[in-house]
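Good morning, and thank you for making time for this presentation. I shall take the charged pairs, then the pocket, and then the cysteines.

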Amino acid sequence: MADRYRGTMCVGVTADLPARIHQHRAGDGSDFCARYGLIRLVWTERGDDISSCIAHEKRLKRWHREWKFDLIERSNPVWQDLFDRLV
């Protein structure tokens with residue numbers, strides 16, 4: 001989740017992405033997303049099982065911001081909101 005191009009970001013994991021995005025947009029997803037207005041879905045990745053997804057999330061959270069920017073921009077160079085592609 002992000003607020004704007006190369007702005008504040010949040011990395012997370014969920015079993016139901018559309019529902020989680022709705023929560024974030026309603027201000028009920030997480031305190032961090034609500035505080036910084038993170039309502040734009042800019043990157044997604046599907047995993048095989050929840051334990052490997054959680055491990056990957058923890059790795060991504062340790063990355064430098066520039067590395068995360070590069071990851072996002074490989075598939076979404078203008079940081080479009082990807083939510084409409086989900087539903």
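**Salt bridges, pocket and cysteines**

Let me begin with lysine 61 and glutamate 57, whose side chains meet in a salt bridge at 3.3 Å, N to O. Please bear in mind throughout that this is a predicted model. Lysine 61 and glutamate 57 are four residues apart in helix 3, so about one helical turn separates them. In accessibility, lysine 61 is partly exposed, at 47%, whereas glutamate 57 is buried, with a relative accessible area of 13%.

What else does glutamate 57 touch, once its neighbours within four places in sequence are set aside? The contacts of glutamate 57 are then with Val11, Gly12 and Val13. Two of those names, Gly12 and Val13, will return when I come to the pocket.

How many salt bridges does a search of the whole structure find? The search returns five. As general background, side chains of opposite charge can pair when their charged atoms come close.

One of these bridges joins aspartate 3 and arginine 4 through their side chains, with an N to O distance of 3.3 Å. Both partners are partly exposed: aspartate 3 has a relative accessible area of 24%, and arginine 4 stands at 45%.

A further bridge links glutamate 73 with arginine 6, and here the closest N and O atoms are 2.8 Å apart. Glutamate 73 belongs to helix 4, while arginine 6 sits in the segment before helix 1, so the pair ties together parts that are 67 residues apart in sequence. Glutamate 73 counts as buried at 19% relative accessibility, a value just on the buried side of the 20% cut-off. Arginine 6, by contrast, is partly exposed at 26%.

I turn now to the largest pocket. The space within the largest pocket amounts to about 930 Å³. Its lining consists of 35 residues, and those nearest the centre are Gly12, Val13, Thr14, Leu17 and Glu45. By class, the lining comprises 19 nonpolar, eight polar and eight charged residues.

Which helices each supply at least two residues of that lining? They are helix 1, helix 3, covering residues 50–62, and helix 4, covering residues 65–75. The largest share comes from helix 3, with seven residues.

In helix 1, which spans residues 17–26, I would draw your attention to arginine 20. Arginine 20 is partly exposed, at 27% relative accessibility. Apart from its neighbours within four places in sequence, arginine 20 is in contact with Thr14, Gly29 and Ser30. Thr14 is also among the residues nearest the centre of the largest pocket. As for distance, arginine 20 and serine 51 are 31 residues apart in sequence and 18 Å apart in space, C-alpha to C-alpha.

Finally, the cysteines. A disulfide is a covalent bond between the sulfur atoms of two cysteines. A search of the whole structure finds zero disulfides. Why is cysteine 10 not bonded to cysteine 33? Cysteine 33 holds the closest cysteine sulfur to that of cysteine 10, but the two are 3.9 Å apart, too far for a bond; the cut-off applied is 2.5 Å. The surroundings of the two can also be set side by side: cysteine 10 is partly exposed, with a relative accessible area of 25%, whereas cysteine 33 is buried, at 2%.

That concludes the presentation, and I welcome your questions.

How values were computed: Residues numbered from 1 in each chain as written. Predicted model: local features only at pLDDT ≥ 70, side-chain atom pairs only at ≥ 80, totals over all residues. Heavy atoms only, no water. Buried < 20%, exposed > 50% of the residue type's maximum accessible area, 1.4 Å probe, protein only. Contact = heavy atoms within 4.5 Å. 1 Å grid on protein atoms, 1.4 Å probe; cavity = no way out; pocket = protein on both sides within 12 Å on 5 of 7 lines; lining within 4 Å. Points joined across faces, edges and corners; volume = space filled by probe spheres on them. Nonpolar A, V, L, I, M, F, W, Y, C, P; charged D, E, K, R; others polar. Salt bridge = Lys/Arg side-chain N within 4 Å of Asp/Glu carboxyl O.
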